[in-house]
Each structure stands twice: as structure tokens, then as C-alpha cells.
Amino acid sequence: MEDNECPECEYGTVARYRVQATGDVVQVCAGCDALWEAEEDRTSPSVTSIEHYLNLRGLPLLRSGLVPLV
């Protein structure tokens with residue numbers, strides 16, 4: 001498995017993003033939308049999805065609110 005390959009779906013890639021509204025940094029899979037906190041070890045299962053994460057915080061369910069970190 002490559003460093004950025006998603007351990008949940010095994011086909012998507014995981015990238016780091018900053019949530020504009022909160023400043024939080026998260027890791028999100030482009031394939032299955034699994035989400036990990038910024039420093040969370042991705043060898044453990046994801047406990048949420050990007051949609052659930054944003055919904056719990058009362059934020060719009062839009063990827064435009066995520067800024068990719070390089």
C-alpha cells in the first residue's frame with residue numbers, strides 16, 4: 001500500500017486539507033470520503049466521513065470549504 005492510499009477502500013488517495021471555517025486540518029480519502037484527524041494514524045479505521053464531520057459542526061456539505069495542503 002502506498003503512503004497516500006486509503007486503508008478503508010484501498011483504491012482512493014488520502015490528502016490533507018484545512019477546513020476553512022474552523023482551521024482544522026484533516027485527512028480525507030477522495031474515493032470513499034473517509035476522514036481522519038490531522039495527526040491520526042491511518043492504520044486505525046476511520047471513525048467518520050467528511051459529510052458527517054461537516055454536518056456535526058453545522059458547516060455546509062461542500063468540498064469547496066476544504067483547502068488542499070501541499
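Tyr17 stands opposite Pro68 in strand S5, and this pairing is a useful place to enter the structure, which is a predicted model. The protein chain has one helix and five strands, and when it is read along the sequence these elements follow the pattern β-β-β-β-α-β. The five strands form an open sheet in the order S4-S3-S2-S1-S5, with antiparallel pairing. In that sheet, strand S4 (48–49) and S5 stand at the edges with a single partner strand each, so one side of each is left without a neighbour in the sheet.

**How the strands pair**

- As general background, the strands of a sheet pair through backbone hydrogen bonds, and they may do so in either a parallel or an antiparallel sense.
- Strand S1 (residues 14–19) is joined by five bridges to strand S2 (residues 25–29), and these two strands run antiparallel.
- S1 also pairs with strand S5 (residues 66–68), again in the antiparallel sense, and here the pairing extends over three bridges.
- Tyr17 can be followed into both of these pairings, since it stands opposite Val26 in S2 and opposite Pro68 in S5.
- S3 and S4 run antiparallel as well, and they are joined by two bridges.
- Within the pairing of S3 and S4, Leu35 stands opposite Thr48 in S4.

**The hairpin of S1 and S2**

- The hairpin made by S1 and S2 has five residues between the strands, and in this hairpin Gly23 takes a positive phi near 85 degrees.

**Two buried residues**

- Leu35 has its place in strand S3, and this residue counts as buried because its relative accessible area is 2%, where the cut-off for buried is under 20%.
- If its neighbours within four places in sequence are left aside, Leu35 is in contact with several residues, among them Val26, Gln27 and Val28, as well as Val47, Thr48, Ile50 and Tyr53.
- Leu35 and Ala15 are 20 residues apart in sequence, while their C-alpha atoms are 9.8 Å apart in space.
- Asp33 lies in the loop between S2 and strand S3 (34–37), and with a relative accessible area of 17% this residue is buried too.
- Once its neighbours within four places in sequence are set aside, the contacts of Asp33 are with Val28, Thr48, Ser49, Ile50, Glu51 and Arg63.
- Val28, Thr48, Ser49 and Ile50 therefore appear among the contacts of Asp33 and also among those of Leu35.

**The chain as a whole**

- A compact globule of 70 residues would have a radius of gyration near 11 Å, and the protein chain agrees with this, because its own value is 11 Å.
- Along its principal axes, the C-alpha trace of the protein chain spans about 35 × 25 × 20 Å.
- Of the 70 residues in the protein chain, 34% count as buried.
- When contacts between residues at least 6 apart in sequence are considered, 34% of them join residues that are at least 24 apart.

**Surface and charge**

- The accessible surface of the protein chain comes to about 4,400 Å², and carbon and sulfur atoms account for 51% of this area.
- The protein chain carries 5 positive and 12 negative charges, and the mean positions of these two groups are 8 Å apart.

Key
Residues are numbered from 1 along each chain as its sequence is written. This is a predicted model: local features need pLDDT of at least 70, side-chain atom pairs count only at pLDDT 80 or more; totals for chains, interfaces and linings use all residues. Side-chain values use heavy atoms; hydrogens and water are left out. Two strands pair if DSSP finds at least two bridges between them. Helices (H or I, at least four residues) and strands (E, at least two) are DSSP runs, numbered from the N terminus. The radius of gyration is taken over C-alpha atoms; the globule rule is 2.2 Å times the number of residues to the power 0.38. Buried means under 20% relative accessible area, exposed over 50%, partly exposed in between (1.4 Å probe, protein chains only). Contact means heavy atoms within 4.5 Å. Accessible areas come from the Shrake-Rupley method with a 1.4 Å probe; for residues, only the protein chains shown count as cover. Lys and Arg count as positive and Asp and Glu as negative; His and the chain ends are not counted. The place of a charge is taken as NZ of Lys, CZ of Arg, CG of Asp or CD of Glu.
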